[in-house]
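Colleague: I'd love a close look at a single part of this model, chosen by you. Could you then walk me outwards from there into its surroundings, giving the cut-offs as you go?

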Amino acid sequence: MARAKDPAVRTLLLERAAQMLRTREPITLRSLVTGTGVSTMAVYTHFDNMDGLWKALRQEGFTRLAHRMSEVRQSADPVRDHAALISAYLGNALAHPDLYRVMFDANFDLEDAQAADDTLEYLVQVAARGRDTGRYREGLDALELATQSWAIAHGLVSLVANGPLPRGTLDHGAPLLTALFVSVGDEPQRCERSVRRGWHLPG
């Protein structure tokens, strides 16, 4: 008979794995459960095996990102909102740098691949709003602009959250986004004001 799954145990093991990533401890079946009060069997019960644990860690990263982006309140200014979503993306990576690194480890599948697509969809929708309200040029490919803004965010935060550059490097994000949005039709001064209103990184 299959063992009952306890959500609290699953969360405990995911948090333990994330902590071990932060402290650069090697993650093995035995080291994962040490000090948790649960047995190694719990890993099999909740994740099938260690590969399943890594899949779940990737999923947890995207789940937290989606939650962070969902908290961005929509305003009447889609350019401001686009900058705010990118800020949320950066903030999530800074808050969970080790989960962020695992999110993009393509050696392991996601439990729910749609979850990753859903985070990109926030950017697609706000890009479409910018086009439909006349801030960006008619006929703009919203997915292309969303992907370009994601690439800016990912490149910057990868160099800071798990990389060699200081946190101040993220300050380049606002002018990079402004240049991107102007290149697809927004008016420069208005764009700069909108991006500045949406650009909020945690202290």
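Modeller: Gladly, and one term comes first: helices (H or I, at least four residues) and strands (E, at least two) are DSSP runs, numbered from the N terminus. The part I have picked is the loop between H3 and H4, where you will find Asp 48. Keep in mind that this is a predicted model, in which local features need pLDDT of at least 70, side-chain atom pairs count only at pLDDT 80 or more, and totals for chains, interfaces and linings use all residues. Residues are numbered from 1 along each chain as its sequence is written, and side-chain values use heavy atoms, leaving out hydrogens and water.

What is the sign of phi at Asp 48, a residue other than glycine? The angle is near 75°, a positive value. That deserves a second glance, since most residues other than glycine have a negative phi. How open is this spot to the outside? Asp 48 counts as exposed because its relative accessible area is 55%, where buried means under 20%, exposed over 50% and partly exposed in between, using a 1.4 Å probe and protein chains only.

Now look at the helices that flank the loop. On one side is H3, which covers residues 41–47 and includes His 46. Is His 46 buried or exposed? It counts as buried, because its relative accessibility is 8%. The neighbours of His 46 include some from far back in the sequence numbering: setting aside those within four places, its contacts (heavy atoms within 4.5 Å) are Lys 5, Asp 6, Val 9 and Arg 10.

On the other side is H4, which runs over residues 50–70 and has Ser 70 in it. With a relative accessibility of 41%, Ser 70 falls into the partly exposed class, so it is neither buried nor exposed. From Ser 70 to Ala 88 you travel 18 residues along the chain, and the C-alpha atoms of the two are separated by 9.2 Å.

A second loop makes a nice companion to the one we started with. Arg 24 is in the loop between H1, residues 7–22, and H2, residues 29–33. Its phi is near 60°, again a positive value in a residue other than glycine. Arg 24 is exposed because its relative accessible area is 55%.

Further along is the loop between H9 and H10, the latter covering 188–198, and this loop holds Gly 185. Gly 185 has a relative accessible area of 47%, so it counts as partly exposed. Once neighbours within four places in sequence are left aside, Gly 185 touches Arg 135 and Arg 137. Gly 185 can also be compared with Arg 131: they lie 54 residues apart in sequence, yet their C-alpha atoms are 9.0 Å apart in space.

Next, follow the aromatic rings. How many aromatic pairs does a search of the whole structure find? The search gives five. Rings of Phe, Tyr and Trp (its six-membered ring) pair if their centres lie within 6.5 Å; planes under 30 degrees apart count as stacked, over 60 as edge-to-face and the rest as tilted. One pair is Tyr 136 with Phe 181, whose ring centres are 5.7 Å apart and whose planes stand at 35°, so the pair is tilted. This pair connects distant parts of the chain, 45 residues apart: Tyr 136 belongs to the loop between H7 and H8 (142–161), and Phe 181 to H9 (173–183). Tyr 136 and Phe 181 are each buried. Elsewhere, ring pairs join Phe 62, Tyr 89, Tyr 100, Phe 104 and Trp 150 into a cluster.

Finally, step back to see the whole chain. What does its secondary structure come to? There are ten helices and zero strands, giving the pattern α-α-α-α-α-α-α-α-α-α along the sequence. The C-alpha trace spans about 60 × 35 × 25 Å along its principal axes. The chain has 203 residues, of which 46% count as buried, His 46 being one of the buried residues. If you take the contacts between residues at least 6 apart in sequence, 70% of them join residues at least 24 apart.
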